[in-house]
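Reader: Please pick one part of this structure and go through it closely, residue by residue where that helps. I would also like to see how that part fits into the whole.

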Amino acid sequence: MTTSPAAPAVEERDSPAGGKLSRERVLACALEIIDSEGVERMSMRRLARALGHDPMSLYRYAPNKAALLDGVAETVLSELTVDPSDPDWKAQLRSVARQFRRIALAHPHVVPLLVTRPLATPLALRPLGTLRPLEATLALLTRAGFSTADALHVYRALFGLLHGHVLNELQELVDNPDETDDLLRLGLHRLPIGEFPLLRGLATTLATYDGAAELERGLDILLTGLTTAPP
């Protein structure tokens, strides 16, 4: 499992004059709070204290917390680049996957905003910044010869893999870190041996989990299937 070091608490400033506000500054500060304290601690009042402004001044940039969280998701996804003109579509998809994993590990508290929150929002109502990777990926794949429908299927398969992967990589796997035996360290000894012999036997494999290697293996399987599947 890969873990990110705990970020320092965001400094709070109670000064009534905290400098000129902008949407970029508001979202950057919100992201800093979420990175260090989690989505649950993020509120308009908390953000206003960190910025040194009255809470009412923030509503010019985000009408509510939901819009603020959508803006944070857009900010983070702006780090994800897709080159639709790349003739090697498989290499480009692999690059997108590696970028997404890097972003998720850099901002683990933001992952729910990228993975689960969009499911509660109709596609056409999602922030435009969260749809740009989809549009660029569709352009990449249709230029490579996929139909638009097949390109959408590929996108869904890729991001389904990525979402599942980052959620799995970021979850806590270790039950007792002081144990030296993998079976005990992961708590697998609690499983009935008669019902879960294969899972218990994977203790060492699970304990030596390598997120980067696991992602590459998943991409190998996906991309090989896309290459060999009939149109």
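**A close look at helix α3 and its surroundings**

Author: Once its neighbours within four places in sequence are set aside, Ala73 is in contact with Leu113, Leu114 and Thr130. Ala73 has its place in helix α3. Its relative accessible area is 4%, and a residue counts as buried under 20%, so Ala73 is buried. A separation can also be given for a pair of residues: Ala73 and Gly160 lie 87 residues apart in sequence, and their C-alpha atoms are 18 Å apart in space.

Before going further, a word on what is being read. This is a predicted model. The mean pLDDT of the protein is 89, and 91% of the residues reach 70 or more. Over residues 11–17 the pLDDT is below 50, and this stretch has 14 contacts in the model beyond near neighbours in sequence. Residues 1–8 also have a pLDDT under 50, with 15 contacts beyond four places in sequence.

Now back to the helix that holds Ala73. Helix α3 covers residues 65–77, and it packs with helix α1, residues 23–37, at an angle of about 90 degrees. The axes of α1 and α3 are 9 Å apart. An angle of 65 to 115 degrees counts as roughly perpendicular, so α1 is roughly perpendicular to α3. The α1 side of this contact consists of Arg23, Val26, Leu27, Ala30, Leu31 and Ile34. From α3, the residues that meet them are Leu68, Leu69, Gly71, Val72, Glu74, Thr75 and Val76. Sorted by class, the contact of α1 with α3 holds 9 nonpolar residues, 2 polar and 2 charged.

A general point about helices helps in reading such lists. An α-helix has 3.6 residues a turn, so residues three or four places apart point the same way.

Helix α1 also packs with helix α2, and here the angle is about 110 degrees, with the axes 10 Å apart. That angle lies within 65 to 115 degrees, so α1 and α2 are roughly perpendicular to each other. On the α1 side, Arg25, Val26, Cys29, Ala30, Ile33 and Glu37 take part. They meet Arg46, Leu47, Ala50 and Leu51 in α2. The contact of α1 with α2 divides into 7 nonpolar residues, no polar ones and 3 charged ones. Val26 and Ala30 appear in the contact with α3, and they appear again in the contact with α2.

Helix α2 itself runs over residues 44–51, and 6 of its 8 residues are buried, so the helix is largely enclosed by the rest of the structure. The buried residues are Met44, Arg46, Leu47, Ala48, Ala50 and Leu51. They pack against α1 and α3. After α2 comes Gly52, which has a positive phi, near 75 degrees.

Next along the chain to consider is helix α4, residues 89–106, where Arg94 is found. Arg94 carries a charged side chain by class, and yet its relative accessibility is 18%, so it counts as buried, the cut-off being under 20%. What does Arg94 touch? Apart from neighbours within four places in sequence, Arg94 is in contact with Glu216, Leu219, Asp220 and Leu223. With Asp220 there is a polar contact of 3.0 Å between the two side chains.

Gln92 is found in α4 as well. Its relative accessible area is 8%, so Gln92 is buried too. Not counting residues up to four places away in sequence, Gln92 touches Thr81, Val82, Asp83, Asp86 and Leu140.

For contrast, take a residue outside the helices. Leu173 is found in the loop between α7, residues 148–170, and α8, residues 182–185. Its relative accessible area is 28%, so Leu173 is partly exposed. The C-alpha atoms of Leu173 and Leu206 are 8.3 Å apart in space, although the two residues are 33 apart in sequence.

Finally, the whole. The protein has 11 helices and 0 strands. Its C-alpha trace spans about 65 × 55 × 25 Å along the principal axes. Of the 231 residues, 37% count as buried, with Ala73 of α3 being one of the buried residues. Among contacts between residues at least 6 apart in sequence, 66% join residues at least 24 apart.

Terms used: Residues numbered from 1 in each chain as written. Predicted model: local features only at pLDDT ≥ 70, side-chain atom pairs only at ≥ 80, totals over all residues. Heavy atoms only, no water. pLDDT = per-residue confidence, 0-100. Contact = heavy atoms within 4.5 Å. Axes fitted to C-alpha atoms, helices over the stretch in contact; angles between N-to-C directions. Helix = DSSP H or I, 4+ residues; strand = E, 2+ residues; numbered from the N terminus. Parallel < 35°, antiparallel > 145°, perpendicular 65-115°, else oblique. Buried < 20%, exposed > 50% of the residue type's maximum accessible area, 1.4 Å probe, protein only. Polar contact = N/O pair within 3.5 Å; in protein donor to acceptor, adjacent residues only side chain to side chain.
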